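Let's take a friendly walk through this model together. Have the sequence and the 3D view ready, and follow along from one element to the next.

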Amino acid sequence: MNICLGNRTADTVRIYFEKAKQPEIKAVLPQKARTVEEALEDYRETLLANAKSYGKTIIADGNYIGDIWCYCIDVNEEPNAMLSFCIFEKAYWSQGIATESVALFLQEVRSKYELNTIGAFSFSDNPASIRVLEKSGFTVLEEFTEDGRDSKYLQYTTH
């Protein structure tokens, strides 16, 4: 299978917003934007020169199947950014696509932003996401409960 990262557009933001409403995704990936208009405004902010967020689409064999992004990008903070990803097409789950996409994306954002540390959160009951992060070099640094939900904080260090 050919996996690559593509550029986000207003059209892909609209598609992602709708696809992320699936109950299986909503259960493990909180969404900041409550409306497609909010999602589009967030996307437009990523296009600004001083953007604190950067994302790509995940493409498998020519099909748009998910998104991956960093947010809270700040080389003067620890971690330097936070990572999130979502494969919204269930037919592509459990095939190693997320792991390959994270590897491609980490390589890109490390060089683009000169990041040394990248953090990620996952609900503890989402072992697939935790496994992707650990295979990608993230280490669990903290386990905690927030709003009654067990979660993990993982971090990736480039050196």
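Phenylalanine 121 stands opposite tyrosine 153 in β7. Since this is a predicted model, please read that pairing, and everything below, as computed from the prediction. Zooming out, strand β5 (residues 117-123) runs antiparallel to strand β7 (residues 149-157), and seven bridges join the two.

Now turn to β6. Strand β6 (residues 139-146) also pairs with β7 in the antiparallel sense, over seven bridges. If you would like a landmark here, look for threonine 139, whose bridge partner in β7 is glutamine 155. Where β6 leads into β7, the two strands form a hairpin with two residues between them. In that turn, aspartate 147 has a positive phi of about 55 degrees.

Next, move to helix α1, which spans residues 10-19. Which of its residues are buried? They are Thr12, Val13, Tyr16 and Phe17. These residues lie on the same side of α1 because they cover an arc of only 140 degrees around the axis. And what do they pack against? The buried residues of α1 meet β1 (3-7), α3 (36-46), β2 (54-60), β3 (63-71) and β4 (81-87).

Phe17 also takes us to our last stop, as one of the residues lining the second largest pocket. About 180 Å³ of space lies in this pocket. Its lining also includes Ala20, Leu29, Pro30 and Ala33, along with Lys21, Lys26, Gln31 and Arg34. By character, the lining divides into five nonpolar residues, one polar and three charged.

Key:
Residues numbered from 1 in each chain as written. Predicted model: local features only at pLDDT ≥ 70, side-chain atom pairs only at ≥ 80, totals over all residues. Heavy atoms only, no water. Buried < 20%, exposed > 50% of the residue type's maximum accessible area, 1.4 Å probe, protein only. Helix = DSSP H or I, 4+ residues; strand = E, 2+ residues; numbered from the N terminus. Arc of directions from axis to C-beta. Contact = heavy atoms within 4.5 Å. 1 Å grid on protein atoms, 1.4 Å probe; cavity = no way out; pocket = protein on both sides within 12 Å on 5 of 7 lines; lining within 4 Å. Points joined across faces, edges and corners; volume = space filled by probe spheres on them. Nonpolar A, V, L, I, M, F, W, Y, C, P; charged D, E, K, R; others polar. Pairing = 2+ DSSP bridges.
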